[in-house]
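Here are my notes on the model you sent round. Have it open while you read, since the points follow the fold from place to place.

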Amino acid sequence: VKDSRKIRSGKGKMRNRRHVKRRGPLLIYAEDKGIVKAFRNIPGVELCSVDRLNLLQLAPGGHLGRLCVWTESAVKRLDEIYSEGGAKRGYVLPRSVMTNSDLTRIINSDEIQSVVRDAVVPEAPVPRKRNALKNANAMFKLNPHSKIAKTTPQTKLDRQPPSQAILDAGAKFYQSMAQ
């Protein structure tokens, strides 16, 4: 735990939450008898009274599996708290709701499948828009002549010069505009 101390990513650094470190073991006790003073200088070790147990301490971040060390007196005190006439009167420990926990067999049974709607088939995704000026296949879809136009280069020599009639008409128009 001591080596896991790192600088937090994001803006928490500016909000006085500069460092983060992993959680260490949780020591659960019933009577103090100096146990808090004994463990308070060990980094990562947290202590908690059995009367003040907290789900965020037992499973930080919602992740089960934290190492919890119980003292013998804490386990006995736990029985006292949650017994019939204990400190938590009227509290009923959670019981399993399902008698058969084989969920896949239940879901795939004929009784359930006859009532359940058919699975929704997702629509085909919209194809990505391609730039026809950069993508030859997209240009060919828009303009089938583009393949031929690309493969046969048009040079100045290949072009036909304008006919004499067109040149004469242009000269005549130019002179009419000059007058």
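How many disulfides does a search of the whole structure find? Zero. Keep in mind that this is a predicted model, and then take the points below in order.

1. **The cysteines.** Start with Cys-48, whose sulfur has its closest cysteine sulfur in Cys-68, 9.3 Å away and too far for a bond. The cut-off for calling a disulfide is 2.5 Å between the sulfur atoms, so this pair does not qualify. Cys-68, likewise, is in no disulfide. As for their surroundings, Cys-48 is buried at 5% relative accessible area, while Cys-68 comes out as partly exposed at 23%.

2. **The sheet.** Three strands make an open sheet in the order 4-3-5, and the pairing is parallel. Strand 4 (46-49) and strand 5 (68-70) are the edge strands; each has a single partner, so one side of each has no neighbour in the sheet. On average, neighbouring strands here are turned by 25° against each other, direction ignored.

3. **How the strands are joined.** As a reminder, strands of a sheet pair through backbone hydrogen bonds, either parallel or antiparallel. Strand 3 and strand 4 run parallel and are joined by four bridges. Strand 3 also pairs with strand 5, again in the parallel sense, over three bridges. If you want to check the register, Ile-28 is a good place to look: Cys-48 stands opposite it in strand 4, and its bridge partner in strand 5 is Trp-70. One residue along, Tyr-29 has Ser-49 as its bridge partner in strand 4.

4. **Strand 3, both faces.** Is strand 3 covered on one face or on both? Both: Leu-26 and Ile-28 are buried on one side, and Leu-27 and Tyr-29 are buried on the other. Leu-26 has a long list of contacts beyond its sequence neighbours, including Leu-47, Cys-48, Leu-58, Leu-67 and Val-69. Glu-46, Gln-57 and Arg-66 are among them too.

5. **The core.** Which residues make up the largest nonpolar core? There are seven: Leu-26, Ile-28, Ala-30, Cys-48, Val-50, Ala-74 and Ile-81. Strand 3 (26-29) and helix 3 (72-82) each put in at least two of these. Cys-48 from point 1 therefore turns up again here, as a buried residue that belongs to this core.

6. **Helix 3.** This helix lies across strand 3 and strand 5, and runs at about 85° to strand 5. Ser-73 sits in helix 3 and counts as partly exposed, with 26% relative accessibility. Outside its own stretch of sequence, Ser-73 touches Ala-30 and Glu-31. The C-alpha atoms of Ser-73 and Tyr-29 are separated by 6.9 Å, with the two positions 44 residues apart along the chain.

7. **Another serine, at the start of the chain.** Ser-4 is placed in the segment before strand 1 (6-7). Buried or exposed? Ser-4 is buried, at 12% relative accessible area; the cut-off for that label is under 20%. Its side chain reaches the backbone nitrogen of Arg-22 at 3.1 Å. Besides Arg-22, the contacts of Ser-4 beyond its sequence neighbours are Val-20 and Lys-21.

Terms used: Residues are numbered from 1 along each chain as its sequence is written. This is a predicted model: local features need pLDDT of at least 70, side-chain atom pairs count only at pLDDT 80 or more; totals for chains, interfaces and linings use all residues. Side-chain values use heavy atoms; hydrogens and water are left out. Helices (H or I, at least four residues) and strands (E, at least two) are DSSP runs, numbered from the N terminus. Buried means under 20% relative accessible area, exposed over 50%, partly exposed in between (1.4 Å probe, protein chains only). A polar contact is a pair of N or O atoms within 3.5 Å; within protein, one must be able to donate a hydrogen and the other to accept it, and residues adjacent in sequence count only if both atoms are side-chain atoms. Contact means heavy atoms within 4.5 Å. A nonpolar core is a set of buried Ala, Val, Leu, Ile, Met, Phe, Trp, Tyr and Cys residues joined through side-chain atoms within 4.5 Å. Two strands pair if DSSP finds at least two bridges between them. Axes are lines fitted to C-alpha atoms, for helices over the stretch in contact, and angles run from 0 to 180 degrees between N-to-C directions. Lists of a residue's contacts leave out its neighbours within four places in sequence.
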